[in-house]
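Biologist: Hey, could you walk me through this one? I'm new to reading structures, so plain words please.

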Amino acid sequence: MTTPTNAAATCPRCGGGFHCGAHDAAPCACAGLPLSDALRAELRTRYAGCLCLACLTELAGADAHEKGRPGLATGRP
């Protein structure tokens with residue numbers, strides 16, 4: 001995903017504010033999330049810009065659950 005160099009961002013999925021670390025010296029927290037290639041492609045078509053870590057975590061967990069893989073717990077059904 002991409003976001004402007006301004007690290008203060010608004011998530012296009014939930015509308016919440018967050019810090020995008022894509023342009024930080026260290027890797028962004030989202031870089032460690034297990035997002036499938038199919039999910040990444042879907043997100044690129046649905047959203048212009050980065051999503052917050054909470055939304056990405058939820059989507060990664062749902063994607064893993066749908067594919068029958070162990071994934072991240074989202075705390076949501």
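Modeller: Let's go through the overall layout, then the core, the salt bridges, the cysteines and the confidence scores. Keep in mind that this is a predicted model.

Biologist: Okay, what is the secondary structure of the protein chain?

Modeller: The chain has two helices and two strands. Going along the sequence, the pattern is β-β-α-α.

Biologist: And how much of the chain is buried?

Modeller: Buried residues account for 34% of the 77 residues. On the outside, the chain exposes about 4,900 Å², and 56% of that comes from carbon and sulfur atoms.

Biologist: What about contacts between residues at least 24 apart?

Modeller: Take the contacts between residues at least 6 apart in sequence: 49% of them join residues at least 24 apart.

Biologist: Cool. How many residues are in the largest nonpolar core?

Modeller: That core has 16 residues. Cys-11, Phe-18, Leu-35, Leu-43, Leu-51 and Leu-56 have the most contacts inside it. Helix H1 (37-46) and helix H2 (53-66) each bring at least two residues to this core. The largest share, four residues, is from H2.

Biologist: Pick one of those. What does Leu-35 touch?

Modeller: If you skip residues up to four places away in sequence, Leu-35 touches Arg-40, Leu-56 and Ala-60. Leu-56 is also on the list of core residues with the most contacts.

Biologist: Switching topic: how many salt bridges are there?

Modeller: There are two in the structure. In one of them, the side chains of Glu-58 and Arg-13 meet at 3.5 Å, N to O.

Biologist: Where do Glu-58 and Arg-13 lie?

Modeller: Glu-58 is in helix H2, while Arg-13 is in the loop between strand E1 (8-10) and strand E2 (17-19), so the pair ties together parts that are 45 residues apart in sequence. Arg-13 is partly exposed, with a relative accessible area of 31%.

Biologist: And the salt bridge between Arg-46 and Glu-42: where do those two lie?

Modeller: Both Arg-46 and Glu-42 are in helix H1, four residues apart, which is about one turn of the helix. Their side chains meet at 2.9 Å, N to O.

Biologist: Is Arg-46 buried or exposed?

Modeller: Arg-46 is exposed, with a relative accessible area of 52%. Glu-42 counts as partly exposed, at 38% relative accessibility.

Biologist: I saw some cysteines too. How many disulfides does the whole structure have?

Modeller: Zero turned up in a search of the whole structure. Take Cys-28: the nearest cysteine sulfur is that of Cys-30, 3.7 Å away, and Cys-28 is in no disulfide. Cys-52 is in no disulfide either, and the nearest cysteine sulfur there is that of Cys-55, again 3.7 Å away.

Biologist: Why don't those 3.7 Å pairs count as disulfides?

Modeller: Because a disulfide needs the two cysteine sulfur atoms within 2.5 Å.

Biologist: Got it. Is Cys-52 buried or exposed?

Modeller: Cys-52 counts as buried, at 8% relative accessibility.

Biologist: Which residues is Cys-14 in contact with?

Modeller: Leaving aside neighbours within four places in sequence, Cys-14 is in contact with Cys-52 and Cys-55. Cys-14 sits in the loop between E1 and E2. Cys-14 and Cys-52 are 38 residues apart in sequence, and their C-alpha atoms are 8.2 Å apart in space. As for the surface, Cys-14 is partly exposed, with a relative accessible area of 48%.

Biologist: Nice. Now the strands: what does Thr-10 touch?

Modeller: Thr-10 is in strand E1. Not counting residues up to four places away, Thr-10 touches Gly-15, Gly-16, Gly-17, Phe-18 and Cys-50. Thr-10 counts as exposed, at 55% relative accessibility. There's also Gly-49, which is 39 residues from Thr-10 in sequence and 9.0 Å away in space, C-alpha to C-alpha.

Biologist: Last thing: what average pLDDT does the chain have?

Modeller: The chain averages 82, and 79% of the residues score at least 70. Among the elements, E1 has the lowest mean pLDDT at 89, and H1 has the highest at 94.

Biologist: Where does pLDDT stay under 50?

Modeller: That's residues 71-77. The model has 11 contacts beyond four places in sequence for that stretch.

Note on methods
Residues numbered from 1 in each chain as written. Predicted model: local features only at pLDDT ≥ 70, side-chain atom pairs only at ≥ 80, totals over all residues. Heavy atoms only, no water. Core = buried A, V, L, I, M, F, W, Y, C linked by side-chain atoms within 4.5 Å. Buried < 20%, exposed > 50% of the residue type's maximum accessible area, 1.4 Å probe, protein only. Contact = heavy atoms within 4.5 Å. Areas by Shrake-Rupley, 256 points an atom, 1.4 Å probe, with all protein chains shown as cover. Salt bridge = Lys/Arg side-chain N within 4 Å of Asp/Glu carboxyl O. pLDDT = per-residue confidence, 0-100.
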